[in-house]
Amino acid sequence: MSREQNEGTRTRTHVSQKRGQEAEALAVGFLERQGLVVVARNVRNRYGEIDIIARDGDTLVFVEVRLRGSHAFGGAVASISAQKQQRLWRAAQRYLVELGQEPPCRFDAVLLETLDRERLHWQRDILHASR
């Protein structure tokens, strides 16, 4: 790979990471306005990463944030594949082991097609049907 190609890849990665951080910030603000209390962000363990962990009353909510600018492959909701759901499930299980308790839990998604909080979609209980 040439130096110019490498620089272009780094620039795209940086822009993508920045957009991801902006999407997560929009999601946090939205969830807090809905009454959830954010307890952690970007929790990583050997099974994967959980974008946001929040409390909704007594329920611990694991939130996946997805930003997709195109509907070409089904948009943001379609990007949460069965494999991604499995990694999210395992990462959450590991988090609960480390937490030392197992409160009622739920898996939600905050879906964005653009960085516009007016077009944000909150999908609750995304793993319920598969578990």
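Two strands count as paired if DSSP finds at least two bridges between them. The model treated in these exercises is predicted.

**Exercise 1. The strand order and the hairpins**

Task: Establish how many helices and strands the chain has, and how β1, β2 and β3 are connected.

Solution.

Step 1. Take the inventory. The chain contains three helices and five strands. Along the sequence they follow the pattern α-β-β-β-α-α-β-β.

Step 2. Pair β1 with β2. Strand β1 covers residues 37–45 and strand β2 residues 48–56; they run antiparallel and share seven bridges. Asn 45 has Gly 48 of β2 as its bridge partner. With two residues between the strands, β1 and β2 form a hairpin.

Step 3. Pair β2 with β3. Strand β3 spans residues 59–67, and its pairing with β2 is antiparallel over five bridges. Here Asp 56 stands opposite Thr 59 of β3. The hairpin of β2 and β3 also has two residues between the strands, and Gly 57 in this hairpin has a positive phi near 70°.

**Exercise 2. The two sides of α3**

Task: Decide where the buried residues of α3 lie around its axis, and which elements help to cover them.

Solution.

Step 1. Check the geometry of the helix. Helix α3 runs over residues 82–99, which is 18 residues. From first to last C-alpha α3 reaches 25 Å, close to the 26 Å expected at 1.5 Å a residue.

Step 2. List the residues under 20% relative accessible area, the cut-off for buried. In α3 these are Lys 84, Gln 85, Leu 88, Ala 91, Ala 92, Tyr 95 and Leu 96. Because they cover an arc of only 140° around the axis, they sit on the same side of α3.

Step 3. Turn to the other face. The face of α3 directed away from the buried side carries Ala 82, Gln 83 and Val 97, which are exposed.

Step 4. Identify the cover. The buried residues of α3 are covered by elements including β1, β2, β3 and β4 (105–112).

Step 5. Look past the end of the helix. Gly 100 follows α3 and has a positive phi, near 85°.

**Exercise 3. The nonpolar cores**

Task: Describe the largest nonpolar core and state which element supplies its largest share.

Solution.

Step 1. Start from the general expectation. In soluble globular proteins, nonpolar side chains tend to be buried together.

Step 2. Find the best-connected members. The largest core has 17 residues, of which Ile 50, Ile 53, Phe 62, Tyr 95, Phe 107 and Ile 126 touch the most other members.

Step 3. Assign the contributions. At least two residues of this core come from each of β1, β2, β3, α3 and β4. The largest share, five residues, is supplied by α3.

Step 4. Separate the other core. Apart from the largest core lies another, of 16 residues, including Leu 36, Val 61, Val 65 and Val 110.

Step 5. Follow one member. With residues up to four places away in sequence left out, Ile 126 touches Ile 80, Leu 88, Phe 107, Asp 108 and Ala 109.

**Exercise 4. Positive phi outside glycine**

Task: For Asn 42 and Asp 125, give the phi value, the place in the chain and the degree of exposure.

Solution.

Step 1. Treat Asn 42. Its phi is positive, near 50°, in a residue other than glycine. Asn 42 belongs to strand β1. With a relative accessible area of 28%, Asn 42 is partly exposed.

Step 2. Treat Asp 125. Its phi is near 55°, again positive in a residue other than glycine. Asp 125 lies in the segment after β5 (121–123). The relative accessible area of Asp 125 is 33%, so this residue is partly exposed.

**Exercise 5. Arg 117 and the chain as a whole**

Task: Locate Arg 117, find its contacts, and then give the burial and contact figures for the chain.

Solution.

Step 1. Place the residue. Arg 117 is in the loop between β4 and β5, and at a relative accessible area of 46% Arg 117 is partly exposed.

Step 2. Find its partners. Outside its neighbours within four places in sequence, Arg 117 is in contact with Leu 26 and Arg 33. Arg 117 and Ala 23 are 94 residues apart in sequence, yet their C-alpha atoms are 8.9 Å apart.

Step 3. Widen to the chain. Among contacts between residues at least 6 apart in sequence, 54% join residues at least 24 apart. Of the 131 residues, 37% are buried. The accessible surface comes to about 8100 Å², with 46% belonging to carbon and sulfur atoms.

How values were computed:
Residues numbered from 1 in each chain as written. Predicted model: local features only at pLDDT ≥ 70, side-chain atom pairs only at ≥ 80, totals over all residues. Heavy atoms only, no water. Helix = DSSP H or I, 4+ residues; strand = E, 2+ residues; numbered from the N terminus. Buried < 20%, exposed > 50% of the residue type's maximum accessible area, 1.4 Å probe, protein only. Contact = heavy atoms within 4.5 Å. Areas by Shrake-Rupley, 256 points an atom, 1.4 Å probe, with all protein chains shown as cover. Expected span 1.5 Å × (residues − 1). Arc of directions from axis to C-beta. Core = buried A, V, L, I, M, F, W, Y, C linked by side-chain atoms within 4.5 Å.
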